[in-house]
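Got the viewer open? Let's take a walk through some charged side chains, one selection at a time.

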Amino acid sequence: MSVSIPSLEDAKCIFLFGYNPSASHPIVSRRIVRAKEKGAKIIVADPRVIETARIADIYMQINNGCNIAFLNAFANAIVTENLHDKEFIAEHTNGFDEWWETIKDYTPESVQHITGIDPETMREAARMYATAESAVLGWGMGVAQQKQNVLTVHTLAAIACITHQIGKPNAGLAPVRGQNNVQGSCDMGMLPNFFPGYQKVTDPAMREKFAKAWGVPVEKLSDHEGYKLTDVGHNAEEGKVHAFYNFGEDPLQTEPDAQDLKRQLQGLDLLICQDIFMTQTCMIADVIFPGTSWGEHDGVFSASDRTFQRFTAAVPPKGECKHDWQIFSELSTRMGYPMHYEDTQEIWDEMRSLCPTFYGATYEKMAGVGHAQWPIPTIEHPGTPIMYLGGKFTTPDNRANLMAHDWEPPTELPDEEYPLILCTVREVGHYSCRSMTGNCRALSLLAEEPGEIHIHPDDAKARGIYDGELVRAFSRRGEAMSRAVVDERINKGTVYMTYQWWIGKCNNLTLHAVDPRSHTPEDKFSACQVEAIEDQVWAEQHMQELYTQLKNDLADLASAQDVEPTSQRQPQETRESVIV
């Protein structure tokens, strides 16, 4: 994010594109409501009538899968109505003429059949955004989990640049993260192409710096980009990956085409899982390291807006659990590289010393309710709530590079056999892969298996489906049972499933197609079908049996005390995990 979350309250216009804050980020949603109360204009473009659409000055119910086409037309409307800031473009950007060569062909009228939006409504929204004193353009997984996700972000950034809605107070870009501390994971180098602090592994100077700090020969540090999570399954199948260390994630719940991924992971020579609860991925692991939860250890989170926030342990660890950093240190030492730290502050200070952008974020500055917002290059620096002030960008010439792209249709389009579009979404009641919230009785009373599938009234009627009934959803890859919610707020021909559920696992249906640059899966668009289940009594009983069996299997493995030595282990398909 180039802006801070608190600054949303003072923006004069907020444009949400493919982002549902009330379900994904309730605290952010509250900031948006306060901005509205202060007089801000709200624009929403989303295939669903989300909660924020209820307070929007302009709501556009776009067609699923139209992102690039819509944004190109939105940019076209800005330029053709002479709403772009020519002075800012000339002084602070590169490539406007080349950018316009693509954008000029995307008039709101020419792509209305793709976007579903009345041209005059789009032009009105463009005027509202471009002429606002300050405007924030925010997006979420509706952009990130698409085939053209990186290209869409290029277009969103260009729109902010040509209107000068960036580089000034209370204006800029607000991409939010999909999971807790994803921002922090990226900040700390849990990416295949960066060291901590977004320092490229392909840069010899960076490798030299980190090798010296860690006391290893520089050739020990990789000089090329590694694999991304979505590469692991297919690379395992092809023999390129033999071992996978899975830390705090349940890919068999969260990744697309989950059944095929399970088969691929079971073919690994070694699968290690480190987690705080038993998960479906842990069930097929060779080794499980039980770590501590956020309430049992000290550390630092990064908010979506680049804010570091320190937290301290509330209770001691239970049983024989160890802190994540202790597990890593002990394992590293056993593998031949001695690693020892006294506490998390020592680790944090080492990280700060190697990452110029984070250097001023000391534990002392973050004490209590304090925080530090990077870039924060010195101890005295106050942090950076708004980036790129004055139009100074983080490029070699300090100018923004405008990029435009042509729209391409999604990978798998509906057809006669699978006529519905499946879009996966989130909900407030449960979090992420539900390994934590699924163990909370109070939250289970709010929402429980097998989750919900939202379907338009016309589509439900055509299939004989009634609100609240259990239904069968299926695709070319698999099937899941879910509970129908007849919902007139969504596009006809589209169904929505929340992805936290174990029995109603929508990732049994989703397609393993990824953006070629980020390798993020196309979770927001795949073809499926939904059919009614005639015997609802049987369906309810069958669903409960499946859920009970899965919970029992998870509990049985979690409570396992003794297992056979590795040399006497069972074959892969029936193996048990060693809990260390």
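A salt bridge here is a side-chain nitrogen of Lys or Arg within 4 Å of a carboxyl oxygen of Asp or Glu. Keep in mind that this is a predicted model. By that criterion, the structure holds 30 salt bridges.

Start by selecting Glu9 and Arg31: they form a salt bridge, with the closest N and O atoms 2.7 Å apart. The two sit 22 residues apart, Glu9 in the segment before β1 (13-17) and Arg31 in helix α2 (residues 26-37), so this pair links distant parts of the chain. Glu9 is buried, at 11% relative accessibility, while Arg31 is partly exposed at 22%. Now add Asp10, Arg34 and Lys38 to the selection, and you have a network of salt bridges that includes Glu9 and Arg31.

Next, jump to Asp415 and Arg476, whose side chains meet in a salt bridge at 2.3 Å, N to O. Asp415 is in the loop between β15 (400-401) and β16 (420-425) and Arg476 in the loop between β18 (470-474) and β19 (479-486), so the contact ties together parts that are 61 residues apart in sequence. Both ends are partly exposed: Asp415 at 30%, Arg476 at 40%.

For a bridge inside one helix, pick Asp349 and Arg352 (2.8 Å, N to O). They are 3 residues apart in helix α16, about one helical turn. Which of the two is buried? Arg352, at 8% relative accessibility; Asp349 is partly exposed at 29%.

Stay in helix α16 (residues 344-354) and click Glu346, partly exposed at 33%. Together with Asp298, Glu342 and Asp343, Glu346 makes up a patch of negative charge on the surface.

Conventions: Residues numbered from 1 in each chain as written. Predicted model: local features only at pLDDT ≥ 70, side-chain atom pairs only at ≥ 80, totals over all residues. Heavy atoms only, no water. Patch = residues over 30% accessible without salt bridge, like charges linked within 9 Å, V, L, I, M, F, W, Y side chains within 5 Å. Areas by Shrake-Rupley, 256 points an atom, 1.4 Å probe, with all protein chains shown as cover. Lys, Arg positive; Asp, Glu negative; His and termini not counted. Charge placed at Lys NZ, Arg CZ, Asp CG, Glu CD. Helix = DSSP H or I, 4+ residues; strand = E, 2+ residues; numbered from the N terminus. Buried < 20%, exposed > 50% of the residue type's maximum accessible area, 1.4 Å probe, protein only.
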